[in-house]
Amino acid sequence: MSITDPNHLINKPMAVIGAGTLGRRIALMLATRGGEVRLYDPNETVLSEGVSFVEENIQSQVQKTNDGRVGKAVITSSMTEAVAGAWLIIEAVPESIELKRKVLHELDEISDSEAIIASNSSSFPSSQLIDKVSRPERVLSAHFYMPPRVTAVELMSCGKTSPNLIQKLIEVFPMFGLQPFHVREDSVGLIFNRVWAAIKRESLYVVAQGVSTPSEVDDIFKLVIGATQGPFRNMDEVGLDVVLAIEEHYAELRPGLPEEVRTLLKEYISKGWLGVKTGRGFYNDYQ
């Protein structure tokens, strides 16, 4: 696998599979060089909202990107249509290992042989997702956070990724206003999420034990750390269902993690309070 002239790639389409909270934001960043980003999601409402998000934010985002041009996100009716001719394909489907394995297998079969396939999973290394992939040398983990506000993206080999592929993406992603970091060993949670997991889990535990409240934890966190927002506001942005899925995965790997943390998340989820995307989570001030 190789990336030739990075500037040539601007004229080639890219694809994002999954138009939810992160998928639409990844698409926004990839559209800042004037290219076409194809979005696919089986949920037509989510898909339409994802494209609208890019259309509403692309002008302001391009103004922040050096030498950027206004690109576009387009709706596609199938994964096959989305990936046709794409040089980069980002998998951003819900955090289910079986779903991700299924999607990567299908992408491997229907995409161009030279296309790069990247999993955005935060808790499942791509090494665990390639059991049915016939060309794993073009597969890797590319975990985005919350662009455009947070522009970090972590790149990690699936264990069989072509040696030069990650280095080339490290050169290319800054063109899209992204800051790549190389994860040098296979790691569940990659870099930041391993640190964040401890902060997030202990914050939830503090509230589950009745020691404090979400807003108070956030306030003291911001004062002491100097952050712009606290862990509970951050979890609302990510989605409490996603947070729970990640926590349950960690609990499988590390027996003894406090059950109260997952119980608290389930209480909110059972009420339909998933965070920003449903208008209410730990906070209820989302419109």
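Trainee: Which backbone oxygen does the side chain of Thr76 reach?
Mentor: This is a predicted model. Thr76 sits in the loop between strand E3 (72-75) and helix H4 (79-83). Its side chain comes to 2.7 Å from its partner, the backbone oxygen of Leu39.

Trainee: Is Thr76 buried or exposed?
Mentor: The cut-off for buried is under 20% relative accessible area. Thr76 has 3%, so Thr76 is buried.

Trainee: Where is Ser121 found, and is Ser121 buried or exposed?
Mentor: Ser121 belongs to the loop between strand E5 (116-119) and strand E6 (139-144). Its relative accessibility is 1%, so Ser121 counts as buried.

Trainee: Which side chain does Ser121 join in a polar contact of 2.6 Å?
Mentor: The side chain of Ser121 has a polar atom 2.9 Å from the backbone nitrogen of Phe124. That is a backbone partner, and you asked for a side chain. The 2.6 Å polar contact joins Ser121 to the side chain of Glu95.

Trainee: In which sense do strands E7 and E8 pair?
Mentor: E7 covers residues 152-157 and E8 covers residues 179-183. Val153 stands opposite Pro180 in E8. The pairing runs over five bridges, and its sense is parallel.

Trainee: What is the handedness of the crossover from E7 to E8?
Mentor: The chain leaves E7, passes through helix H6 (residues 165-172) and arrives at E8. That path is a β-α-β crossover. Its hand is right-handed.

Trainee: Which residues does the cis peptide bond join?
Mentor: Most peptide bonds are trans. Here omega is about 5 degrees, and the bond is cis. Pro148 lies in the loop between E6 and E7. The bond joins Pro147 and Pro148.

Trainee: What is the phi of Leu190?
Mentor: Most residues other than glycine have a negative phi. Leu190 is not a glycine, yet its phi is positive. Leu190 lies in the loop between E8 and helix H7 (192-208). Its phi is about 55 degrees.

Trainee: Is Leu190 buried or exposed?
Mentor: Take its relative accessible area, which is 4%. The buried class means under 20%. Leu190 is therefore buried.

Trainee: Which residues make the nonpolar surface patch of about 480 Å²?
Mentor: One member is Val224, in helix H8 (residues 214-225). Val224 counts as exposed because its relative accessibility is 65%. The patch is made by Ile220, Leu223, Val224 and Ile225.

Trainee: Why does Glu49 count as partly exposed?
Mentor: Glu49 lies in helix H3 (residues 44-64). Partly exposed falls between the 20% and 50% cut-offs. Glu49 meets that class because its relative accessibility is 42%.

Trainee: What distance separates the C-alpha atoms of Glu49 and Val207?
Mentor: Along the chain, Glu49 and Val207 are 158 residues apart. In space, their C-alpha atoms are separated by 33 Å.

Trainee: How many Å apart in space are Glu237 and Asn43?
Mentor: Glu237 is found in helix H9 (residues 231-238). Glu237 and Asn43 are 194 residues apart in sequence. C-alpha to C-alpha, the distance is 20 Å.

Trainee: Which accessibility class does Glu237 count in?
Mentor: Its relative accessibility is 23%. Buried would need under 20%, and exposed over 50%. Glu237 therefore counts as partly exposed.

Key
Residues are numbered from 1 along each chain as its sequence is written. This is a predicted model: local features need pLDDT of at least 70, side-chain atom pairs count only at pLDDT 80 or more; totals for chains, interfaces and linings use all residues. Side-chain values use heavy atoms; hydrogens and water are left out. Patches are made of residues with over 30% relative accessible area and no salt bridge: like charges are joined within 9 Å, nonpolar side chains (Val, Leu, Ile, Met, Phe, Trp, Tyr) within 5 Å. Accessible areas come from the Shrake-Rupley method with a 1.4 Å probe; for residues, only the protein chains shown count as cover. A salt bridge is a side-chain nitrogen of Lys or Arg within 4 Å of a carboxyl oxygen of Asp or Glu. Helices (H or I, at least four residues) and strands (E, at least two) are DSSP runs, numbered from the N terminus. Buried means under 20% relative accessible area, exposed over 50%, partly exposed in between (1.4 Å probe, protein chains only). Two strands pair if DSSP finds at least two bridges between them. A crossover is right-handed if, with the strands pointing away from the viewer, the path from the first strand over the helix to the second runs clockwise. A polar contact is a pair of N or O atoms within 3.5 Å; within protein, one must be able to donate a hydrogen and the other to accept it, and residues adjacent in sequence count only if both atoms are side-chain atoms.
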